[in-house]
Amino acid sequence: MDNNMIEDIIRQVIDDLSKEKIIIKQSNNTSNYGVFDNMSDAIDAADIAQKKLYELSIDERDRFANVIRETILKEDNLNLMSLMAVEETAIGRVSDKKIKNKVAALKTPGKEDLKTNAISGSNGLMIEEYCPFGVIGSITPTTNPTETIISNSISMIVGGNSVVFSPHPRAKKTSILLIQMLNKALVESGAPANLITMVKEPSIEATNEMMKNPKVRLLVATGGPGIVKTVLSSGKKAIGAGAGNPPVVVDETAEIEKAAKDIVDGSSFDNNVPCIAEKEVFVVESKADELIYHMQNYGAYLLINDLDIEKLDKLVSQENGKPKTEFVGKDAKYILEKIGINVSDDIKLIIFKTHKNHHLVTEEMMMPILPVVPVPNVDEAIKCAHVAEHGNRHTAIMHSKNVDKLSKMAKLLECTIFVKNAPSYSGIGVGGEGSTTFTIAGPTGEGITSAKSFCRIRRCVIKDSFNIR
Ligand code: NAD
């Protein structure tokens, strides 16, 4: 079977799903493997599941996390969900979605994340442990629809929780497919049914209902500023993983060709939708042309005509300056065609020289468009990067060998992720050290979230015993 045939079959499955021909039925018919008609049933089922999970050992929870990993890593599942996410949301690249789904399965930490703090002394023993919240409500974005569900499910279940997801309505079918796939595998491995749930028709109303339900003890929002603000105003404990506008600084000490390749690779990854992806570059004037020359050799198309740059900005921006949804995560080739420029499939990024206040510099666009701003020196570049990041304190990237300037930028921008001399995705474990997450909680401070981020710390004390020294 060739790739076209496989894609045709997947499209048919997607079509059938949209007509609700395919929803896997569980034998007792109480749920469709985690997918419910209404929110209160989805929460009640997750609540029952969590209580059963809490009875089981941490090794069992870790085993369930491994079941999720194995299910995702099956080549057919990986292909299906990656293709389906791109088909349904019309965002991103299938090959990059596969990398992201794979890293979510492989590099989200398991039980090793939950380290007990113990003190023994003359007065006995004290332990502090990471314990479950109960049912977690997790709101997920269109840009990483499957990655966020995979990574958060692993972390939350390892932490002893169940989770009700509120996916973006435009990622409904993909989320249903994934949640049913995971629940089926979990149930078959002996896990409680409905550890992961959602409603059949996600909507803002359903999300609001979820936020108000007293059985939901923790809210986690992965998305833009609106939803982060909403969960933080809910009166419940909330984790907010919000927007970024990651700047890149390149100074005269950087290896310019390598910097050019890293920037093109990071910025074009999944067509620039990751919140961590390079969104604008500030380069010292003396190296700007050399950087741009090499970027062109690594797959960037340079716009030189002011009229084309203006046409591009108008094409992809709404009146209020926000990105037009229909261009978020689209291929560079597709966007260029719309302004009358035809390029080969090798082109994965659009670049142009501009000034620091250009709208495409200041706005988070989530498209393979990367403005390059030449500035007189590295101090000015760091200053501009600070302004362009808008205090999100999310992600920044710097290409430099100057330790003092690297430290200066890291301290000034205070980002959750600061990547030096590598593509931005090194910051979430793709080619770099460290674990992964697709919920990077800058605003509420958990940072690179993992099982412990979704747990409560509880203390247990025994007086005058178990001090055996
Ligand atoms: P979005 O804010 O439009 O939607 C995110 C989720 O919130 C969706 O499920 C949506 O349905 C829901 N939502 C939005 N407004 C709501 C409301 N008023 N009431 C109830 N639910 C609401 O974002 P998006 O376009 O899907 O994702 C892109 C944004 O998310 C970017 O800003 C990106 O930087 C950010 N993001 C951040 C992280 C992170 O880890 N920090 C990860 C991925 C994406």
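Trainee: Which residue has a polar backbone atom 2.8 Å from an oxygen atom of the ligand?

Mentor: Keep in mind that this model is predicted. A polar contact is a pair of N or O atoms within 3.5 Å. An oxygen atom of the ligand meets that limit, at 2.8 Å from a polar backbone atom of Thr 142.

Trainee: How much of the ligand does the protein bury?

Mentor: Start with the ligand taken alone. It then exposes 850 Å². Of that area, the protein buries 84%.

Trainee: Which residue offers a polar backbone atom to a nitrogen atom of the ligand?

Mentor: Look among the closest residues of the shell, which include Thr 140, Glu 364 and Ile 440. Gly 242 is also one of the closest. The nitrogen atom lies 2.8 Å from a polar backbone atom of Gly 242.

Trainee: How many residues of the shell around the ligand are charged?

Mentor: The ligand is surrounded by 27 residues. Sort them by type. The shell has 12 nonpolar residues and 14 polar ones. The charged count is one.

Trainee: Where does the ligand lie with respect to the domains, and why?

Mentor: The domain assignment gives domain 1 (3-242 + 448-458) and domain 2 (247-433). The ligand sits in the largest pocket. Both domains give residues to its shell, so the ligand lies between domain 1 and domain 2.

Trainee: How many residues of domain 2 are in contact with domain 1?

Mentor: The domain centres are 31 Å apart, taken over C-alpha atoms. Contacts still link the two domains. Domain 1 brings 15 residues, and domain 2 brings 21.

Notes: Residues are numbered from 1 along each chain as its sequence is written. This is a predicted model: local features need pLDDT of at least 70, side-chain atom pairs count only at pLDDT 80 or more; totals for chains, interfaces and linings use all residues. Side-chain values use heavy atoms; hydrogens and water are left out. A residue is near a molecule or strand if one of its heavy atoms lies within 4 Å of it. A polar contact is a pair of N or O atoms within 3.5 Å; within protein, one must be able to donate a hydrogen and the other to accept it, and residues adjacent in sequence count only if both atoms are side-chain atoms. Accessible areas come from the Shrake-Rupley method with a 1.4 Å probe; for residues, only the protein chains shown count as cover. On a 1 Å grid over the protein atoms alone, a cavity is a set of points where a 1.4 Å probe fits but cannot get out, and a pocket is an open set with protein on both sides within 12 Å along at least five of seven lines; lining residues have an atom within 4 Å of a point. A molecule sits in a cavity or pocket if more than half of its atoms lie within 2 Å of its grid points. Ala, Val, Leu, Ile, Met, Phe, Trp, Tyr, Cys and Pro count as nonpolar, Asp, Glu, Lys and Arg as charged, and the others, Gly among them, as polar. Domain bounds come from an automatic or database domain assignment. Contact means heavy atoms within 4.5 Å.
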